[in-house]
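Trainee: Can you walk me through this one? I'm new to reading structures.

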Amino acid sequence: MSDHQPEATFPPQQRFSVLLHQTAALWRTALDRRLRPLGFSQASWRALIALRRQPEGCNQAVLAERLGIEAPTLVRLLDRMEKQGWLQRQSDPRDRRSKRVVLTAASLELAESMEATVEELRAELLAGLEPAQLEAMIDILETVRERAEGLLAKGAVDPESGSHIPL
């Protein structure tokens, strides 16, 4: 058993949560190593890929939520990426108080090569898994994600008092 695997003696729910966290972190780290030669940090390539999937651009608050980072952290990241010519901030025609982040033509080309790298890694990591295995894992992860989203929507529960903690 490697150092990165939870102990076999852990209860299944604990093993699952530890494995989920470790797997996500290792996947991001592996991808980061492959994309670093293109001059991107993990934060910047994650933003670029997220924006590529939104051709019309994305509201900064929505992007921060998708990336799981705080708005001030995102602003600093976007400032750097904008200076490098990878993106532009534009007024949102539906809400003038808000800015939409859109990729530049140069970054769209780069994002295509990044997507190829993402796909190569995905293929390597999922090689040999049967479609039925993948579908089962997808179902499980979707269920866990939906439950986590539900907990976040209504607030977490304090295990000691049983009362809801606003998140």
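Mentor: We'll take the overall make-up, then the aromatic rings, then the sheet.

Mentor: This is a predicted model: local features need pLDDT of at least 70, side-chain atom pairs count only at pLDDT 80 or more, and totals for chains, interfaces and linings use all residues. Residues are numbered from 1 along each chain as its sequence is written, and side-chain values use heavy atoms, with hydrogens and water left out.

Trainee: How many helices and strands does the protein chain have?

Mentor: Six helices and five strands. Both are DSSP runs, at least four residues (H or I) for helices and at least two (E) for strands, numbered from the N terminus.

Trainee: What aromatic pairs turn up in the whole structure?

Mentor: A search finds one. Phe40 and Trp86 sit 5.2 Å centre to centre, with 45 degrees between the planes, so the pair is tilted. Rings of Phe, Tyr and Trp (its six-membered ring) pair if their centres lie within 6.5 Å; planes under 30 degrees apart are stacked, over 60 edge-to-face, the rest tilted.

Trainee: Where do the two residues sit along the chain?

Mentor: Phe40 is in the loop between helix H1 (12-35) and helix H2 (42-52). Trp86 is in the loop between helix H4 (71-83) and strand E2 (87-92), 46 residues apart from Phe40.

Trainee: New topic. What is the strand order in the open sheet of three strands?

Mentor: E1-E3-E2, with antiparallel pairing. Strands pair if DSSP finds at least two bridges between them. E2 and strand E3 (residues 95-103) have six bridges.

Trainee: Which strands stand at the edges?

Mentor: E1 (58-59) and E2. Each has a single partner strand, so one side of each lacks a neighbour in the sheet.
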